[in-house]
Amino acid sequence: MKNVAIGILVIILASILIEPLVELLNLGRENIVLGTAITNSARSAKDRSLEYDAQRNLNAQVDEETFADYFSEAFEEAMNVTRTNSGESDTSLEFRSNDGKYNDITVTLDFQEEENRDTEQIVSTVTMEAESNYKFKTKYMKLAEDAGEDVDYMLTERRVLVLSIKN
């Protein structure tokens, strides 16, 4: 009987020690998924949003509204989310999860244009920053969150896309 009690105690202690490690693995996976979705959405939007007239002079000028629309479309497909603030702001995009897997995600787009001194061409830089409160997956962390403890963790991913045209 003593061995059974020790076995149950070991199982309980192991679950208390292992669950936070599992949560860390889930957190790392969520960071990777969010970063990949931002990168792929930016790739999807970059070629479609360059202004055609500026490309003739090898200038990489971005139509911000078009970039935001194509970025949103690709991001929605990658993360299974829906954009909630369509048309209000082209620089701050808000997304809501369709399946409840994620909390609300806010993506901020920052567009910069500068002239390259060597080539005298316009080079555009788009900085994309996504933020969301992490939604815990394991039982103990959900219980801690429901108890009102300050266990919130903010997922943040930042990517910079440099657009230039070479002949």
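Is Arg-83 buried or exposed, and what is its relative accessible area? Arg-83 is buried, with a relative accessible area of 12%. The points below concern a predicted model, and they begin with the surroundings of this arginine.

1. Arg-83 and its partners. Arg-83 belongs to strand E1, which covers residues 81–83. Its side chain makes a polar contact of 3.1 Å with the side chain of Ser-72. Arg-83 also forms a salt bridge with Asp-69, where the closest N and O atoms are 3.6 Å apart. Since Arg-83 lies in strand E1 and Asp-69 in helix H3, this pair ties together parts that are 14 residues apart in sequence. The two partners differ in exposure class: Arg-83 counts as buried at 12% relative accessibility, whereas Asp-69 counts as partly exposed at 38%.

2. The loop between H3 and E1. Asn-80 is found in the loop between H3 and E1. The backbone deserves a remark here, as Asn-80 has a positive phi of about 55° although it is not a glycine. Asn-80 is partly exposed, its relative accessible area being 34%.

3. Helix H3 and Tyr-70. Helix H3 comprises residues 64–79, and Tyr-70 is found in it. With a relative accessibility of 28%, Tyr-70 counts as partly exposed, because that class lies between the 20% limit for buried and the 50% limit for exposed residues. Tyr-70 and Leu-93 are 23 residues apart along the chain, and their C-alpha atoms are separated by 12 Å.

4. Geometry of helix H1. How far apart should the ends of H1 be, given its 48 residues and 1.5 Å a residue? The expected span is 70 Å, and the end C-alpha atoms are 70 Å apart, which agrees. The helix nevertheless carries a kink of about 25° at Ile-18, shortly before the proline Pro-20.

5. A nonpolar surface patch. Met-1, Val-4, Ile-8, Leu-9, Ile-12, Leu-13, Ile-16, Tyr-140 and Leu-143 form a nonpolar patch on the surface, with about 930 Å² of accessible area together. Helix H1 (2–49) and helix H4 (139–146) are the elements that give two or more residues to this patch. The largest share, 6 residues, comes from H1. As a general matter, an α-helix has 3.6 residues a turn, so residues three or four places apart point the same way. Leu-13, one of the patch residues, is found in helix H1 and counts as partly exposed at 45% relative accessibility.

6. Lys-2 in H1. Lys-2 is also placed in helix H1. Its relative accessibility of 65% makes Lys-2 an exposed residue. From C-alpha to C-alpha, Lys-2 and Lys-101 are 42 Å apart in space, with a sequence separation of 99 residues.

7. Salt bridges in the whole structure. How many salt bridges does a search of the whole structure find? The search finds 4. In general, side chains of opposite charge can pair when their charged atoms come close. Besides the pair of Arg-83 and Asp-69, two further examples are described in the next two points.

8. Arg-29 and Glu-30. Arg-29 forms a salt bridge with Glu-30, and the closest N and O atoms are 2.9 Å apart. Arg-29 counts as partly exposed at 38% relative accessibility, while Glu-30 counts as buried at 2%.

9. Arg-159 and Glu-157. The closest N and O atoms of the salt bridge between Arg-159 and Glu-157 are 3.0 Å apart. Arg-159 counts as partly exposed, at 29% relative accessibility. Glu-157, at 13%, counts as buried.

10. Ser-132 in strand E4. Strand E4 covers residues 122–133 and contains Ser-132. With 5% relative accessibility, Ser-132 counts as buried. What does the side chain of Ser-132 reach at 3.1 Å? The group in question is the backbone oxygen of Asp-104.

Technical notes. Residues are numbered from 1 along each chain as its sequence is written. This is a predicted model: local features need pLDDT of at least 70, side-chain atom pairs count only at pLDDT 80 or more; totals for chains, interfaces and linings use all residues. Side-chain values use heavy atoms; hydrogens and water are left out. Patches are made of residues with over 30% relative accessible area and no salt bridge: like charges are joined within 9 Å, nonpolar side chains (Val, Leu, Ile, Met, Phe, Trp, Tyr) within 5 Å. Accessible areas come from the Shrake-Rupley method with a 1.4 Å probe; for residues, only the protein chains shown count as cover. A salt bridge is a side-chain nitrogen of Lys or Arg within 4 Å of a carboxyl oxygen of Asp or Glu. Helices (H or I, at least four residues) and strands (E, at least two) are DSSP runs, numbered from the N terminus. Buried means under 20% relative accessible area, exposed over 50%, partly exposed in between (1.4 Å probe, protein chains only). The expected span of a helix is 1.5 Å times one less than its number of residues. The bend at a residue is the angle between axes fitted to the seven residues ending there and the seven starting there. A polar contact is a pair of N or O atoms within 3.5 Å; within protein, one must be able to donate a hydrogen and the other to accept it, and residues adjacent in sequence count only if both atoms are side-chain atoms.
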